[in-house]
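This report goes through a protein chain with its sequence and structure at hand. It takes up charged pairs, a surface patch, strand pairing and cysteines.

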Amino acid sequence: GKAVLMFIIGKESIENGMNIVGSHIDSPRLDVKANPLYEDTDGIAKLKTHYYGGVKKYQYGTIPLAIHGVVFNKDGEKIEVNIGDDEKDPVFCVTDLLIHLSKDQMAKPTREALTGEQMNLVLGNIPVNEEDKEAVKKNILKLIKDKYNFEEEDFKVAELEVVPATKARELGLDRSMVLAYGHDDRICAYTSLQAILEVENPTKTALCIFAD
C-alpha cells in the first residue's frame with residue numbers, strides 16, 4: 001500500500017516507449033525498531049527508533065510526535081495505529097537535556113548534539129506495580145493490549161513510523177505559504193498528480209509513479 005502507478009494509455013504501442021514522471025511520497029521520519037520497547041534506569045518506558053531519510057536529528061528533540069502504522073497480531077489481524085494527531089490523543093517525544101545541563105552538548109557540532117542512539121521515544125513512567133521488575137514497561141504493554149490488542153512480540157511484524165504531531169498551517173500574515181511536516185515531498189507529488197490528470201489522448205503512454 002505504499003506505491004501508486006497511474007497510466008494514460010497512448011495511441012502508440014508501449015514498445016515504442018513511455019513518458020514517465022516519478023515522485024517519492026515518503027518523508028524523513030523515525031522508524032520503530034523490531035524489538036523496541038524497554039524501560040530505562042530512570043523508570044521511563046521508551047521505544048527504540050532508527051531515523052529514516054534526511055533527518056536533521058536535533059529538530060526532533062522535545063517536539064510533540066505521533067505514531068502511525070500497522071501491526072499484525074498473532075491472530076493475523078491487521079491493526080492500524082494512529083496516536084497523536086487527534087487533539088484528544090496523547091503525544092510522544094524524544095527527550096533532550098535541560099539548558100543548564102547542556103554546556104558540553106552546546107559546544108558540539110549540530111550533527112552530534114542529538115545522536116541517533118538518543119532518539120528513543122518516551123511512552124510513559126507509571127508502574128503497574130511498584131514491586132514488579134520493569135513495572136512501567138509492563139503497564140505500557142497492558143495499555144497496548146487493552147486498546148490495540150497486540151503484544152510485545154508483535155512489534156516484530158509491525159511497521160510503525162514516528163512523525164511530528166503537527167497540522168499543516170498557513171504561513172505569514174498574508175497566508176501566502178504553507179508550513180507543514182513533509183511538505184517538500186508532497187508538493188512534488190502534487191504537481192506530478194496534476195500533470196497526469198491533465199493528459200488527454202497522448203501519442204505515447206504516460207506513466208506517473210508515486211513511490212516510497
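The sections below describe a predicted model, one topic at a time.

## Salt bridges between distant parts of the chain

The whole structure holds 13 salt bridges. One of them pairs the side chains of Lys204 and Glu12, with 3.5 Å from N to O. This contact joins distant parts of the chain, 192 residues apart. Lys204 sits in the loop between helix 4 (183–197) and strand 12 (205–211), while Glu12 belongs to the loop between strand 1 (4–8) and strand 2 (18–24). Lys204 has a relative accessibility of 27% and is therefore partly exposed. Glu12, at 32% relative accessibility, is partly exposed as well.

A salt bridge also connects Lys137 with Glu152, and here the closest N and O atoms lie 2.9 Å apart. The two residues are separated by 15 positions and again link distant parts of the chain. Lys137 is part of helix 3 (residues 135–148); Glu152 lies in the loop between helix 3 and strand 9 (158–164). Because its relative accessible area is 11%, under the 20% limit, Lys137 counts as buried. Glu152 has a relative accessible area of 30%, so this residue is partly exposed.

## An exposed pair and a network

Arg175 and Glu170 form a salt bridge in which the closest N and O atoms are 2.4 Å apart. Both of these residues are exposed.

Other charged residues are joined in a network of salt bridges. The members are Lys2, Arg29, Asp31, Glu159, Glu161 and Asp212. As general background, side chains of opposite charge can pair when their charged atoms come close.

## A nonpolar surface patch

Which residues form a nonpolar patch on the surface? They are Leu5, Phe7, Ile9 and Ile14, and together they present about 400 Å² of accessible area.

Ile14 is placed in the loop between strand 1 and strand 2, which is also where Glu12 is found. The relative accessibility of Ile14 is 45%, so this residue counts as partly exposed. That value also passes the 30% cut-off for patch residues.

## Strand 5 and its partners

Strand 5 (residues 65–72) runs antiparallel to strand 9, and seven bridges join the two. Within this pairing, Val71 stands opposite Ala158 of strand 9.

Strand 5 is also joined to strand 6 (residues 78–83), by six bridges and in antiparallel direction. Ile67 faces Ile83 of strand 6 across this pairing, the two residues standing opposite each other. Strands 5 and 6 make up a hairpin, with five residues between them. In the turn, Gly76 has a positive phi of about 85 degrees.

## Cysteines

How many disulfides does the model contain? The count is zero. Cys188 is in no disulfide, and the nearest cysteine sulfur, that of Cys208, is 12 Å away. A disulfide would need the two sulfur atoms within 2.5 Å, so the Cys188 and Cys208 pair does not qualify.

Two of the cysteines can be placed by their accessibility. Cys188 has 41% relative accessibility and so counts as partly exposed. Cys93 is likewise partly exposed, because its relative accessible area is 23%.

How values were computed:
Residues numbered from 1 in each chain as written. Predicted model: local features only at pLDDT ≥ 70, side-chain atom pairs only at ≥ 80, totals over all residues. Heavy atoms only, no water. Salt bridge = Lys/Arg side-chain N within 4 Å of Asp/Glu carboxyl O. Helix = DSSP H or I, 4+ residues; strand = E, 2+ residues; numbered from the N terminus. Buried < 20%, exposed > 50% of the residue type's maximum accessible area, 1.4 Å probe, protein only. Patch = residues over 30% accessible without salt bridge, like charges linked within 9 Å, V, L, I, M, F, W, Y side chains within 5 Å. Areas by Shrake-Rupley, 256 points an atom, 1.4 Å probe, with all protein chains shown as cover. Pairing = 2+ DSSP bridges.
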